[in-house]
Amino acid sequence: KSQNLFKDIMSLTSHLGEERHDKQRWDRIKNASLPILHNCNLVEGDIFVIEEIIAILRTNCCGLTPRIKHFGASRGIALFPYFSMINHSCIANCRYTVSLDNSTISIRAMKAISKGEEISIHYVGISLGTLTRKKSFNNQWKFECHCSRCQDPSEFGTYLQAIKCED
């Protein structure tokens with residue numbers, strides 16, 4: 001069973017190639033983790049697998065539910081392999097919650113979903129403006145969102161990233 005889970009995890013998108021193109025960012029990751037791996041006497045092939053795993057985790061993990069006893073801070077990240085296959089939409093039709101013990105994740109529809117319609121979630125907070133969201137999408141998941149909200153300069157009349165001009 002764990003062999004199949006590992007195979008499923010390794011089949012997830014990693015964006016490792018794109019991560020390596022951002023030399024400054026990838027060097028930070030490598031400089032922080034690879035010396036530890038070398039000290040563990042891992043062979044070069046093992047290190048390539050671990051690099052791939054790190055990239056998979058960066059692309060597919062979600063934040064664990066913040067707790068009051070932790071002052072509202074996230075308690076880390078978790079990988080739910082099948083959940084990570086759900087695509088993003090700024091006007092998502094579902095939302096997700098992580099259980100109190102952080103062991104399971106639930107997806108709930110926020111509106112009626114038609115047969116054949118894609119299930120989607122928000123990858124980032126809905127209160128972020130278009131420029132901030134787009135930067136996150138590009139940095140973390142390597143995509144550009146072209147949904148109707150991102151195409152509307154007023155963000156459906158919310159003007160989230162508008163600057164108020166003084167008279």
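S89 touches S120, I121 and H122, leaving aside residues up to four places away in sequence. The model in which these contacts appear is a predicted one. S89 belongs to the loop between β3, residues 87–88, and β4. With a relative accessible area of 14%, S89 is buried, because the limit for that class is under 20%. Its side chain also makes a local polar contact, reaching the backbone nitrogen of I91 at 3.2 Å.

Beyond this loop comes a pair of strands. Strand β4, residues 94–98, runs antiparallel to strand β5, residues 105–109, and five bridges join the two. One of the residues involved is T97, whose bridge partner in β5 is S106. The hairpin formed by β4 and β5 has six residues between the strands, and in this hairpin N102 takes a positive phi near 60 degrees.

Several residues of these elements reappear in the nonpolar interior. The largest nonpolar core has ten residues, namely C62, L64, A78, F80, F83, I86, C94, V98, I105 and I121. Another core, of seven residues, lies apart from it and includes C90, W141, C145 and C147. I121, a member of the ten-residue core, is also one of the residues that S89 touches.

The cysteines in these cores raise the matter of cross-links. A disulfide is a covalent bond between the sulfur atoms of two cysteines. How many disulfides does the model contain? The count comes to zero when sulfur atoms must lie within 2.5 Å. C61 is in no disulfide, and the nearest cysteine sulfur, that of C62, is 7.2 Å away. C61 nevertheless counts as buried, at 18% relative accessibility. Why is C150 not bonded to C90? The sulfur of C90 is the closest cysteine sulfur to that of C150, but the separation is 3.6 Å and therefore too far for a bond. C150 likewise counts as buried, at 9% relative accessibility.

The aromatic residues form a further set of contacts. Five aromatic pairs are found in a search of the whole structure. In one of them, F137 and F143, the ring centres are 4.9 Å apart and the planes meet at 15 degrees, so the pair is stacked. F137 is buried, with a relative accessible area of 0%, whereas F143 counts as partly exposed at 25% relative accessibility. Ring pairs link both residues with Y123 and W141 into a cluster. W141 thus belongs to this aromatic cluster and also to the seven-residue core.

Terms used. Residues numbered from 1 in each chain as written. Predicted model: local features only at pLDDT ≥ 70, side-chain atom pairs only at ≥ 80, totals over all residues. Heavy atoms only, no water. Pairing = 2+ DSSP bridges. Helix = DSSP H or I, 4+ residues; strand = E, 2+ residues; numbered from the N terminus. Buried < 20%, exposed > 50% of the residue type's maximum accessible area, 1.4 Å probe, protein only. Polar contact = N/O pair within 3.5 Å; in protein donor to acceptor, adjacent residues only side chain to side chain. Contact = heavy atoms within 4.5 Å. Core = buried A, V, L, I, M, F, W, Y, C linked by side-chain atoms within 4.5 Å. Phe/Tyr/Trp six-rings, centres within 6.5 Å; stacked < 30°, edge-to-face > 60°.
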